[in-house]
Amino acid sequence: MTTTTAPQPANPAVPDDFASLAAQPIGYWSWVVHEAVIRHIRGAMARTDITQPQWWILNQVDGAGGDGLAPELLRERLGSVLGTTGDEIRLATDSLLARGWLAAGDTGLLRLTEAGQEAKARTKELVTRLRAEIHEGIGDEEYVAALRVLKRMIDNVGGENSVLS
């Protein structure tokens, strides 16, 4: 499918008609959505004393199974997600260790402590509530269609789709 709509400058007050919306630049709108959603998520997490990178780490370590997860693998997996660096992942890991939410075994592999499991469960409830807020009025079919369009755009520009739990 090919589009013939001529691009127009970004307009936050664009009318909600087909032709006006079809002419809007994806770079602008995807950036605005990203900024708004991330600010909403991180603000809500901050009010419960956890950061988004800490949440990612809890998920990754919990998903690693009984043996635990190497800190280097965490930095590799999470070090470039949403503008996060390997150093930020290291600092977030150090913070979780200091809080007693993670423990390093004799081999250095990270595991969730009981306190970490409780924090993960609390944060999961928050994330579930945040997802409902963000998706308010958007059905699953509409959401999946939007994601398929975004994934196609990523493919069209040679980008990579990365998966994060």
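**Entry 1. Terms and model**

I take helices as DSSP runs of H or I with at least four residues and strands as runs of E with at least two, numbered from the N terminus. By that numbering I placed K120 in helix α6. I note that the model is a predicted one.

**Entry 2. K120**

I asked whether K120 is buried or exposed. The relative accessibility of K120 is 17%, and buried means under 20%, so I recorded K120 as buried. I then looked up the residues that K120 touches, setting aside those up to four places away in sequence. They are W55, L58, N59, D62 and L112. Of these, I found W55, L58, N59 and D62 listed again for α3 where that helix meets α6.

**Entry 3. α3 against α6**

I next turned to the packing of these two helices. Two packed helices are described by the angle between their axes and by the distance between those axes. For α3 and α6, I read a crossing angle of roughly 120°, with the axes coming within 10 Å. Angles of 65 to 115 degrees count as roughly perpendicular and those over 145 as roughly antiparallel, and α3 and α6 are therefore oblique to each other. I entered the crossing of α3 past α6 as left-handed. On the α3 side, W55, L58, N59 and D62 make the contact. On the α6 side, I listed G116, A119, K120, T123, K124 and V127. Sorted by class, the contact of α3 with α6 holds four nonpolar, three polar and three charged residues.

**Entry 4. α2 against α3**

I looked up the other side of the same topic, the packing of α2 with α3. Their axes lie 9 Å apart and the packing angle is about 80°. The range for roughly perpendicular is 65 to 115 degrees, which makes α2 roughly perpendicular to α3. I listed I38, I41, R42 and M45 from α2, and Q52, W55 and W56 from α3, as the residues in contact. By class, I entered five nonpolar residues, one polar and one charged for the contact of α2 with α3. I noted that W55 is listed in this contact and in that of α3 with α6.

**Entry 5. The loop residue D49**

Between α2 and α3 there is a loop, and I located D49 in it. I recorded a positive phi of about 65° for D49, although D49 is not a glycine. With a relative accessibility of 48%, D49 counts as partly exposed.

**Entry 6. α4 against α5**

I asked at what angle α4 and α5 pack. The angle is about 135°, and the axes are 8 Å apart. That makes α4 oblique to α5. I entered a right-handed crossing for α4 past α5. From α4, residues L74, R75 and L78 meet G86, I89, R90 and T93 of α5. I sorted the contact of α4 with α5 into three nonpolar, two polar and two charged residues.

**Entry 7. The largest nonpolar core**

In soluble globular proteins, nonpolar side chains tend to be buried together. I therefore looked up the largest nonpolar core of this model, which has 23 residues. I57, L58, V61, L74 and L102 have the most contacts inside the core. I noted the elements that each supply at least two residues of this core: α2 (26–46), α3 (52–63), α4 (71–78), α5 (86–99), β2 (110–112) and α6 (114–134). Which helix gives the most? I found that α3 does, with five residues. For I57, I listed the residues it touches beyond four places in sequence: L74, L78, I89, A92, T93, L96 and L102. Among them, L74, L78, I89 and T93 also stand in the contact of α4 with α5.

**Entry 8. I26 and distances from it**

I located I26 in helix α2 and recorded it as partly exposed, at 40% relative accessibility. Leaving aside neighbours within four places, I26 is in contact with W31, L150 and M153. I read 8.9 Å between the C-alpha atoms of I26 and A10, which are 16 residues apart along the chain.

D155 is in helix α7 (residues 140–156) and is partly exposed, with a relative accessible area of 48%. D155 and I26 are 129 residues apart along the chain, and their C-alpha atoms are separated by 14 Å.

G66 lies in the loop between α3 and α4. At 64% relative accessible area, I recorded G66 as exposed. From G66 to I26, I read 43 Å between C-alpha atoms for a separation of 40 residues in sequence.

Technical notes. Residues numbered from 1 in each chain as written. Predicted model: local features only at pLDDT ≥ 70, side-chain atom pairs only at ≥ 80, totals over all residues. Heavy atoms only, no water. Core = buried A, V, L, I, M, F, W, Y, C linked by side-chain atoms within 4.5 Å. Buried < 20%, exposed > 50% of the residue type's maximum accessible area, 1.4 Å probe, protein only. Contact = heavy atoms within 4.5 Å. Axes fitted to C-alpha atoms, helices over the stretch in contact; angles between N-to-C directions. Parallel < 35°, antiparallel > 145°, perpendicular 65-115°, else oblique. Left-handed = near helix turned anticlockwise from the far one by under 90°. Nonpolar A, V, L, I, M, F, W, Y, C, P; charged D, E, K, R; others polar.
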